[in-house]
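User: I would like to go through this model step by step, with the reasoning given for each reply. Please begin with any term that has to be settled beforehand.

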Amino acid sequence: TLFRSQEAGASSELVAQAEAVLAEEEPKQKARELLQEACTSGAIPALQEAIKAAEEAKLDASEYADAAELLRLEEKKLAAMEAVRTVIEEVKTVDTKSIDALKEAKDKLTRALQDANQAGVPESEILEAEKRRKKLHNSIEDLKGSIRVFCRIRPLSSKEKEAATESEDQTGKGKFE
């Protein structure tokens with residue numbers, strides 16, 4: 001580059017300054033590109049690596065603040081998912097004959113699910129836990145002896161009876177036969 005710069009008429013001092021700037025700015029630019037890729041992917045290892053590269057390149061903290069926040073959120077999601085998995089394992093062995101034990105297990109699972117939702121964990125990833133919570137709820141209701149309504153039937157209203165009579169007169173058949 002020194003030979004080309006001399007051909008272009010640049011002094012060796014100017015070339016040395018440019019090379020010094022390049023030596024300082026090139027790692028910064030690579031770190032910025034790495035940060036951008038990591039933020040797009042959202043993967044925890046990529047974010048950690050990009051933040052480390054940004055710190056080593058001596059980027060201003062404001063330049064990688066978004067990546068650091070995204071990393072914090074992703075780690076929070078991961079911790080919430082792990083907590084849900086742990087609670088699922090714990091409630092698998094709950095005494096299904098004890099209402100108190102079932103209520104405690106359901107409450108614990110409900111709290112873990114709420115924390116996961118607040119952390120931004122996608123519902124598809126906590127579907128199994130939600131199904132387990134519903135099973136616990138149903139077990140509690142069964143032990144209480146609650147009566148559940150499967151189907152309700154009501155008598156025809158006078159308006160419906162009149163409509164049936166009118167329909168019967170026109171077709172010769174009853175509407176509700």
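Analyst: Helices here are DSSP runs of H or I with at least four residues, numbered from the N terminus. The model is a predicted one.

User: Which residue just after α3 takes a positive phi, and of about what value?

Analyst: Helix α3 covers residues 44–56. Just after α3, the residue with a positive phi is lysine 58, at about 60°.

User: What end-to-end distance should helix α3 span, and how far apart are its end C-alpha atoms?

Analyst: The expected span is 1.5 Å times one less than the number of residues. Helix α3 has 13 residues, so it should span 18 Å, and this agrees with the separation of its end C-alpha atoms, which is 18 Å.

User: Is lysine 28 buried or exposed?

Analyst: Lysine 28 lies in helix α2, residues 12–41, and it touches Ala57, Lys58 and Leu59, leaving aside residues up to four places away in sequence. The cut-off for burial is under 20% relative accessible area. Because its relative accessibility is 14%, lysine 28 counts as buried.

User: Which helix gives the most residues to the largest nonpolar core?

Analyst: That core has 19 residues, of which Val84, Leu109, Ile126 and Leu136 touch the most other members. Helices α4 (65–91), α5 (99–119) and α6 (127–144) each supply at least two of its residues. The helix that gives the most, with seven residues, is α5.

User: How many residues form the second, separate core?

Analyst: Among the members of this second core are Leu47, Leu59, Tyr64 and Ala67. Leu47 is also one of the buried residues of α3. The number of residues in this separate core is 14.

Definitions and conventions. Residues numbered from 1 in each chain as written. Predicted model: local features only at pLDDT ≥ 70, side-chain atom pairs only at ≥ 80, totals over all residues. Heavy atoms only, no water. Core = buried A, V, L, I, M, F, W, Y, C linked by side-chain atoms within 4.5 Å. Buried < 20%, exposed > 50% of the residue type's maximum accessible area, 1.4 Å probe, protein only. Contact = heavy atoms within 4.5 Å.
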